[in-house]
Amino acid sequence: MTILLAGASSEEGAAAARVAGQEARLRGDDVLVFHLEDGVPEDHPDLQGLQVRHARPDARARDVVGELIDAANSGDISLVVVGLRRRSPVGKLLLGSAAQTVLLEALPPVLAVKPAG
């Protein structure tokens, strides 16, 4: 099976990669890094020693989160790991959240991770 990591070049993305690496080792799974943006490291230290594949959204895609959900629902994914940002209650009400969309629409379990601190 495969753990799908929503890759981002941020503190939240690094926290998600750390947890995805831990989960992959515990489960004996490989990791699919879905690059949500440019600048995501290809060789994250927390994924060293694991079977890692990389996927990117279609350059013509308008909905990167939709493509991530399609990848999550492809059948071979055992867990989706996403990083979360802290938002105020008003921000949660007014702004849509990519992580929230993944939580609601992905068929496999989703593990939402916040950075330490």
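Arg-85 counts as exposed because its relative accessibility is 61%. On this scale, buried means under 20% relative accessible area, exposed means over 50%, and partly exposed is in between, using a 1.4 Å probe and protein chains only. Arg-85 sits in the loop between β4 and α3 (89–94). Those labels come from DSSP: helices are H or I runs of at least four residues, strands are E runs of at least two, and both are numbered from the N terminus. Setting aside neighbours within four places in sequence, Arg-85 is in contact with Ser-10 and Glu-12, where contact means heavy atoms within 4.5 Å. Its C-alpha atom is 10.0 Å from that of Ala-112, although the two residues are 27 apart along the chain.

Before going on, keep in mind that this is a predicted model, in which local features need pLDDT of at least 70 and side-chain atom pairs count only at pLDDT 80 or more, while totals for chains, interfaces and linings use all residues. Residues are numbered from 1 along each chain as its sequence is written, and side-chain values use heavy atoms, leaving out hydrogens and water.

Now let us turn to another loop. Val-40 lies between β2 and β3 (52–55). Is Val-40 buried or exposed? Val-40 counts as buried, because its relative accessibility is 11%. Leaving out residues up to four places away in sequence, Val-40 touches Gly-7, Ala-8, Ser-9, Val-33 and His-35.

One of those partners, Val-33, leads us to the inside of the model. In soluble globular proteins, nonpolar side chains tend to be buried together. A nonpolar core is a set of buried Ala, Val, Leu, Ile, Met, Phe, Trp, Tyr and Cys residues joined through side-chain atoms within 4.5 Å. The largest such core here has 16 residues, and Ile-3, Leu-5, Val-31, Val-33, Leu-47 and Val-81 touch the most other members. At least two residues come from each of β1, α1 (11–27), β2 and β4, and α1 gives the most, with six. There is also a second, separate core of 15 residues, which includes Ala-6, Ala-71, Ala-99 and Ala-106.

Asp-30 is a good stop along strand β2. This residue counts as buried because its relative accessibility is 16%. Apart from neighbours within four places in sequence, Asp-30 is in contact with Met-1, Thr-2, Ile-3, Gln-51 and Arg-53. The C-alpha atoms of Asp-30 and Arg-53 are separated by 8.1 Å, with their positions 23 residues apart along the chain.

Next, look at a pair of helices. The axes of α2 (residues 64–72) and α4 (residues 98–105) come within 10 Å and cross at roughly 30°. Therefore α2 is roughly parallel to α4. Here, axes are lines fitted to C-alpha atoms, for helices over the stretch in contact, and angles run from 0 to 180 degrees between N-to-C directions. Angles under 35 degrees count as roughly parallel, over 145 as roughly antiparallel, 65 to 115 as roughly perpendicular, and the rest as oblique.

Which residues meet where α2 and α4 come together? Val-65, Leu-68 and Ile-69 in α2 meet Ala-98, Thr-101, Val-102 and Glu-105 in α4. Five of the residues in this contact are nonpolar, one is polar and one is charged; Ala, Val, Leu, Ile, Met, Phe, Trp, Tyr, Cys and Pro count as nonpolar, Asp, Glu, Lys and Arg as charged, and the others, Gly among them, as polar. The buried residues of α2 are Val-65, Gly-66, Leu-68, Ile-69, Ala-71 and Ala-72. Their cover includes β1 (2–7), β2 (30–35), β4 (77–83) and α4.

Our last stop is Asn-73, in the loop between α2 and β4. With a relative accessible area of 29%, Asn-73 is partly exposed. Leaving aside neighbours within four places in sequence, Asn-73 is in contact with Glu-105, Ala-106, Leu-107 and Pro-108.
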